[in-house]
2 protein chains.
Amino acid sequence: MKDSTGSKSMKMTPQRMAIMKYLDGNTYHPSAGDIYGALRDQFPTMSLATVYNTMEALKEQGVVIELSTDRGKKRFDPNPKPHHHLMCIKCKAIVDVFIEFPLTLPDAQTQGFEILGNRVDFYGICKSCSDEQKRMMETNQ
Amino acid sequence: MKDSTGSKSMKMTPQRMAIMKYLDGNTYHPSAGDIYGALRDQFPTMSLATVYNTMEALKEQGVVIELSTDRGKKRFDPNPKPHHHLMCIKCKAIVDVFIEFPLTLPDAQTQGFEILGNRVDFYGICKSCSDEQKRMMETNQ
DNA sequence: TACTAACTAATAATCATTCTAGTCAAGCAC
DNA sequence: GTGCTTGACTAGAATGATTATTAGTTAGTA
């Protein structure tokens with residue numbers, strides 16, 4: 001059913017064009033519900049499932065990246081020492097990164113906050129997922 | 001057990017000790033379900049709510065960190081425009097920060113990941129919470 | 001124009017999380 | 001010890017996000 005190389009071409013529909021237009025230039029990281037809500041006026045009969053389907057298709061095309069954990073699940077880190085994380089956007093593995101980034105926010109940007117620290121989440125594709133991707137492409141050609 | 005920030009100390013129970021033992025040294029960043037599943041044999045009658053309650057308590061104690069998104073929603077990134085967050089640890093308010101950080105991970109730290117992007121969360125205390133804190137201290141003295 | 005795979009809407013099912021109610025055990029005052 | 005208070009436990013209901021299913025519709029192509 002699915003073409004896992006992502007080379008499958010995507011059919012264009014009014015709903016999809018509206019979603020892509022909404023995403024284009026969007027500086028926020030919207031959830032499916034955000035997208036649905038923003039387009040409800042324009043497409044009152046659109047289904048939430050359509051948003052999810054479209055996001056799945058766009059992910060396969062590599063146009064958008066899904067930033068969250070598997071099914072949006074909470075994950076807990078028992079190490080209270082300040083450190084950062086690296087998450088695979090495919091298999092959702094999370095590994096620790098122990099390195100310090102001396103990040104400071106210009107006063108104009110702090111909006112009155114007293115900054116206590118920072119955490120950096122890197123996201124990307126882990127070795128085993130990128131290996132698998134390569135294997136799939138070879139098999140499919 | 002440490003009692004930072006004046007938070008109340010935590011009552012110890014067999015369930016809580018088992019959860020803490022499971023978490024100790026765990027680098028897998030387990031979800032609540034993972035923890036529940038891992039301790040099922042040992043505590044067949046334990047409720048998932050107990051896991052959530054315990055994690056909430058451990059978070060308050062500052063011994064674990066909760067990773068990932070608000071109320072378990074998926075987030076999509078349409079285009080990697082730099083955009084980070086500033087979160088108040090008191091009232092949980094989140095504001096956007098539009099600034100770019102040229103963060104790179106040394107090869108030795110990437111653990112084979114192909115890095116696609118990053119997100120920075122600053123945490124601190126927002127203006128209205130620190131104002132309130134000041135007011136409280138004045139009233140209390 | 002006709003065909004067909006891909007898409008849509010509606011809705012049911014599933015899953016993670018939170019909430020609620022009732023019970024139980026520990027610590028404390030009497 | 002008895003009764004009170006508090007916090008934690010279990011079970012299950014409620015909530016909200018996501019995924020799966022189904023039947024009808026449509027974009028893209030020959």
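The legends below describe close-up views of a predicted model.

Residues are numbered from 1 along each chain as its sequence is written, and chains are lettered from A and ligands numbered from 1 in the order in which they are written. Local features need pLDDT of at least 70, side-chain atom pairs count only at pLDDT 80 or more, and totals for chains, interfaces and linings use all residues, while side-chain values use heavy atoms, with hydrogens and water left out.

**View 1. Chain A and its elements.** Chain A has 5 helices and 5 strands. Helices (H or I, at least four residues) and strands (E, at least two) are DSSP runs, numbered from the N terminus. Along the sequence, their pattern is α-α-α-β-β-β-β-α-β-α. Of the 141 residues in chain A, 42% are buried; buried means under 20% relative accessible area, exposed over 50%, and partly exposed in between, with a 1.4 Å probe and protein chains only. A contact here means heavy atoms within 4.5 Å. Among contacts in chain A between residues at least 6 apart in sequence, 49% join residues at least 24 apart.

**View 2. Helix H1 of chain A.** H1(A) covers residues 14-23, and its buried residues are Arg16(A), Ala18(A), Ile19(A) and Leu23(A). These buried residues fall within an arc of 160° when seen down the axis of H1(A), so they line one face of the helix. The arc is that of the directions from the helix axis to the C-beta atoms. An α-helix has 3.6 residues a turn, so residues three or four places apart point the same way. The buried residues of H1(A) pack against helix H2 (32-39) and helix H3 (48-61) of chain A. After H1(A) comes Gly25(A), which has a positive phi near 85°.

**View 3. Ile19(A) and its contacts.** Ile19(A) is part of helix H1 of chain A. Ile19(A) counts as buried because its relative accessibility is 0%. Not counting residues up to four places away in sequence, Ile19(A) touches Ile35(A), Leu39(A), Thr50(A), Val51(A), Thr54(A) and Met55(A). Ile19(A) and Leu39(A) are 20 residues apart along the chain, and their C-alpha atoms are separated by 7.6 Å.

**View 4. The largest nonpolar core.** This core has 30 residues, of which Leu103(A), Phe101(B) and Leu103(B) touch the most other members. At least two residues of the core come from each of strands E3 (84-88), E4 (94-97) and E5 (114-125) of chain A, and from each of strands E3 (84-88) and E5 (114-125) of chain B. E5(A) gives the most, with 4 residues. A nonpolar core is a set of buried Ala, Val, Leu, Ile, Met, Phe, Trp, Tyr and Cys residues joined through side-chain atoms within 4.5 Å. Apart from neighbours within four places in sequence, Leu103(A) is in contact with Asn118(A), Val120(A), Phe101(B), Leu103(B), Val120(B) and Phe122(B).

**View 5. Ser31(B) in a loop.** Ser31(B) sits in the loop between helix H1 (14-23) and helix H2 (32-39) of chain B. Ser31(B) counts as buried because its relative accessibility is 3%. Leaving aside neighbours within four places in sequence, Ser31(B) is in contact with Lys73(A), Lys74(A), Arg75(A) and Phe76(A).

**View 6. The protein around DNA strand D.** Around DNA strand D there are 20 residues, and Tyr52(A), Thr13(B), Met46(B), Thr50(B) and Lys74(B) come nearest. A residue is near a molecule or strand if one of its heavy atoms lies within 4 Å of it. Of the strand D atoms within 4 Å of the protein, 83% belong to sugar or phosphate and the rest to bases. By class, this surface has 7 nonpolar, 6 polar and 7 charged residues. Ala, Val, Leu, Ile, Met, Phe, Trp, Tyr, Cys and Pro count as nonpolar, Asp, Glu, Lys and Arg as charged, and the others, Gly among them, as polar. H3(A) supplies the largest share, 3 residues.

**View 7. Side chains at the phosphates of DNA strand D.** An N or O atom in the side chain of Thr13(B) is 2.6 Å from a phosphate oxygen of DNA strand D. For Thr50(B), the distance from a side-chain N or O atom to a phosphate oxygen of this strand is 2.3 Å.

**View 8. The protein around DNA strand C.** DNA strand C is surrounded by 18 residues, the closest being Thr13(A), Arg16(A), Thr50(A), Lys74(A) and Tyr52(B). Sugar and phosphate make up 80% of the strand C atoms that come within 4 Å of the protein. A phosphate oxygen of DNA strand C lies 3.1 Å from a backbone N or O atom of Ser47(A).

How values were computed: Polar contact = N/O pair within 3.5 Å; in protein donor to acceptor, adjacent residues only side chain to side chain.
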